[in-house]
There are 2 protein chains.
Amino acid sequence: MGIKDVARLAGVSPTTVSRVLNNSAKVHPDTREAVLRAIKESGYRPNQIARSLRLRRFRSIGLIVPDISNEFFATIAQAIEDELQKEGYNLFLCNTGEDRQRERKYIKALLDKFVDGIIFVSAGFDESLDLFQDEIPVVAVDRKPNMEGVSFIDSANYEGGYLATKHLISNGCRRILMIRDEREVRPMKARFEGYKQCLKDYNIEYDEELVAWVPVDRTAVREYLLKVNGLLEFDGIFAGNDVMAISAAHTLLKLGYQVPEQIQIVGFDNITEGAYFVPGITTIAQQTEALGRRSAQVLLELIKDPERGPIIEELPVALIKRGSTR
Amino acid sequence: MGIKDVARLAGVSPTTVSRVLNNSAKVHPDTREAVLRAIKESGYRPNQIARSLRLRRFRSIGLIVPDISNEFFATIAQAIEDELQKEGYNLFLCNTGEDRQRERKYIKALLDKFVDGIIFVSAGFDESLDLFQDEIPVVAVDRKPNMEGVSFIDSANYEGGYLATKHLISNGCRRILMIRDEREVRPMKARFEGYKQCLKDYNIEYDEELVAWVPVDRTAVREYLLKVNGLLEFDGIFAGNDVMAISAAHTLLKLGYQVPEQIQIVGFDNITEGAYFVPGITTIAQQTEALGRRSAQVLLELIKDPERGPIIEELPVALIKRGSTR
DNA sequence: GCTTTTCATGTTAACGATTTCATTCTGTGA
DNA sequence: TCACAGAATGAAATCGTTAACATGAAAAGC
């Protein structure tokens with residue numbers, strides 16, 4: 001039962017049915033009603049594939065994320081999906097596992113399926129981007145592309161790093177260990193810069209020894225702390241994200257340290273787990289959901305108006321004080 | 001640059017190009033090579049939409065989940081996506097937020113977009129299912145549909161409930177509080193049955209007072225425990241999932257109880273957070289990733305062989321002992 | 001040497017919508 | 001009454017593939 005059958009049923013041409021369906025031209029009220037009735041009677045549903053072949057757009061958008069089992073990305077995905085669904089768009093989920101190869105493969109697949117746009121939280125990013133040179137609207141989230149002219153939404157990571165460090169300093173910490181992602185990913189870099197600037201502003205000397213470059217991985221953090229235990233002195237930890245902060249707290253508690261009495265800890269992201277850990281993890285909260293929501297909205301705007309220039313937004317962060325700091 | 005252009009470039013007909021592309025018929029080696037060269041030269045990529053219009057399938061599958069920000073579902077989604085991607089399928093993510101209305105809407109949208117199959121972790125399920133009567137292969141995961149003839153993958157929830165309860169009993173618990181989802185969702189029901197049977201087998205009287213029917217929600221669990229604090233006596237908790245177990249542990253610790261000395265706790269699912277909570281949460285581990293992987297594999301099988309009858313599998317569970325029990 | 005297979009390829013009609021252009025009909029002003 | 005504008009509708013081309021059928025040449029069987 002295609003559009004032709006509906007047309008026959010209503011005693012009109014397929015063209016007219018299409019016009020009723022899309023409100024693309026004036027149709028006589030009586031005719032319109034007849035068509036509507038025919039549609040209802042036949043239970044007709046337009047074939048989206050056929051429609052897309054003609055229009056070269058598929059009412060779908062692609063989301064490329066490094067790791068959907070990470071609460072941060074999952075929350076972003078959820079918000080995006082929710083926002084898109086309101087406008088009748090569907091979402092292709094592409095999980096790269098931080099694998100560049102796979103990222104490129106996904107971009108091609110998405111373009112072949114004529115998605116209307118792509119939201120990108122990249123693993124590597126820089127090179128991948130040239131794959132969709134102007135073919136299609138793109139919004140980058142969280143990780144900034146090394147490229148002009150791309151819309152980008154992220155949080156105030158630099159300010160967050162500064163804020164976290166300042167909180168520890170004003171709580172009396174003087175030797176603050178920064179645990180950071182070993183990779184030079186933008187948000188992490190910004191947090192690190194914030195940390196360094198804050199130390200400077202408060203006349204605390206930056207000590208390279210007090211920076212742990214580790215994979216973003218609970219085990220890696222534990223191993224690092226076990227390795228330096230007894231050898232490295234510190235009274236505060238600023239972890240690049242909550243997962244690392246929690247692993248650090250977990251390890252230190254097991255080693256018999258007291259948190260926050262001996263060592264204070266601040267994380268980043270405000271994941272649920274941090275609030276339920278005992279003691280609660282003080283953290284820099286990103287507006288994670290808003291991050292997703294905005295990126296979806298921005299993408300839809302770009303789709304509606306392809307001439308629009310790139311949109312760049314930075315969402316504020318806030319310190320959430322919990323038991324892991326004094 | 002469509003298939004026609006490639007054909008012209010190679011000096012053959014579009015049909016031949018199609019044949020080379022899909023290996024759908026014999027082509028002379030020389031011709032094949034010429035076509036391949038033309039494809040390479042022109043950078044031609046087949047239009048998947050046009051292809052799908054013809055084939056009535058889109059090399060995509062739909063995943064309907066209640067809540068992607070929940071680690072359990074996210075892990076399943078990740079495994080599914082990984083498995084599908086290997087076979088060149090893409091995944092539509094549909095997050096229902098346990099909303100039945102939305103679920104129905106999604107099913108329609110997915111059918112309109114000619115997905116090749118659907119993986120379903122339902123909110124309500126029973127009624128929704130009739131929406132795709134035989135139109136398309138479906139696999140249900142975790143929550144069993146009230147319907148014959150549907151493929152279904154889940155964990156041994158009954159055994160898990162039994163195992164958890166037995167562990168508490170053999171650790172000396174006699175008054176075991178079961179905290180369960182207030183809704184009559186299948187997996188939860190099975191865990192509850194396992195709990196009851198185990199009590200029976202060990203001659204412990206089943207006490208209705210010791211069953212907390214609450215929404216699956218951290219706050220709800222806390223509020224419940226605060227409400228019964230001092231009024232209800234128990235020495236063990238079997239929580240229907242780890243999120244509730246963690247919330248319970250968190251609340252009890254804040255109230256000054258000692259875990260596991262005074263109250264022992266067992267959860268379900270083995271989420272990461274449980275391992276890093278202090279004390280670690282003893283839990284019944286589901287093979288969450290395998291759950292996702294298998295359901296994807298089963299769906300692909302059903303797609304390849306539509307005549308195949310329903311496939312039903314139950315994956316084993318295992319107790320993981322941690323600090324929250326003795 | 002002639003008919004019959006087999007192989008390699010091409011022609012053409014779908015798939016189901018949208019859109020350009022053409023057509024018919026009604027009503028208005030000269 | 002005629003010309004013309006404007007409204008409502010339809011016919012046919014198009015989007016880029018695939019598949020059923022047709023064709024012609026070469027190989028095989030008698």
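Analyst: A residue counts as near a DNA strand if one of its heavy atoms lies within 4 Å of that strand. The model is predicted, so local features need pLDDT of at least 70 and side-chain atom pairs count only at pLDDT 80 or more, while totals for chains, interfaces and linings use all residues. Residues are numbered from 1 along each chain as its sequence is written, chains are lettered from A and ligands numbered from 1 in the order in which they are written, and side-chain values use heavy atoms, with hydrogens and water left out.

User: Which residues come closest to DNA strand C, and how are the strand's atoms within 4 Å of the protein divided?

Analyst: DNA strand C is surrounded by 26 residues, of which A:I3, A:S18, A:R54, B:T16 and B:T31 are the closest. Among the atoms of DNA strand C within 4 Å of the protein, 61% belong to sugar or phosphate, and the rest belong to bases.

User: What makes the approach of B:R19 to DNA strand C a polar contact?

Analyst: An N or O atom in the side chain of B:R19 is 2.9 Å from a base nitrogen of DNA strand C, and because a polar contact is a pair of N or O atoms within 3.5 Å (within protein, one must also be able to donate a hydrogen and the other to accept it, and residues adjacent in sequence count only if both atoms are side-chain atoms), the pair qualifies. An N or O atom in the side chain of B:R54 is 3.3 Å from a base nitrogen of DNA strand C, and a polar backbone atom of A:A50 is 3.4 Å from a base nitrogen of that strand.

User: Which element gives the largest share of the surface near DNA strand C?

Analyst: The largest share, 5 residues, comes from α4(A), where helices are DSSP runs of H or I with at least four residues, strands are E runs of at least two, and both are numbered from the N terminus.

User: Which polar contacts does chain A make with DNA strand D?

Analyst: Among them, a polar side-chain atom of A:R19 lies 2.8 Å from a base nitrogen of DNA strand D, a polar backbone atom of A:H28 is 2.8 Å from a phosphate oxygen, and a polar side-chain atom of A:R54 lies 3.1 Å from a base oxygen. The elements giving two or more residues to the surface near DNA strand D are α2 (14–22) and α4 (48–55) of chain A, together with α2 (14–22) and α4 (48–55) of chain B. The largest share, 4 residues, comes from α4(B).

User: Why is α1(A) called roughly perpendicular to α2(A)?

Analyst: The axes, which are lines fitted to C-alpha atoms over the stretch in contact, with angles from 0 to 180 degrees between N-to-C directions, come within 8 Å for α1 (residues 3–10) of chain A and α2(A) and cross at roughly 100°. Angles of 65 to 115 degrees count as roughly perpendicular, under 35 as roughly parallel, over 145 as roughly antiparallel and the rest as oblique, so α1(A) is roughly perpendicular to α2(A). The contact (heavy atoms within 4.5 Å) is made by A:I3, A:K4, A:V6 and A:A7 of α1(A) and A:P14, A:V17 and A:S18 of α2(A).

User: What makes α9(A) oblique to α10(A)?

Analyst: The axes of α9 (residues 218–228) and α10 (residues 242–254) of chain A come within 9 Å and cross at roughly 45°, an angle that falls in none of the other classes, so α9(A) is oblique to α10(A).
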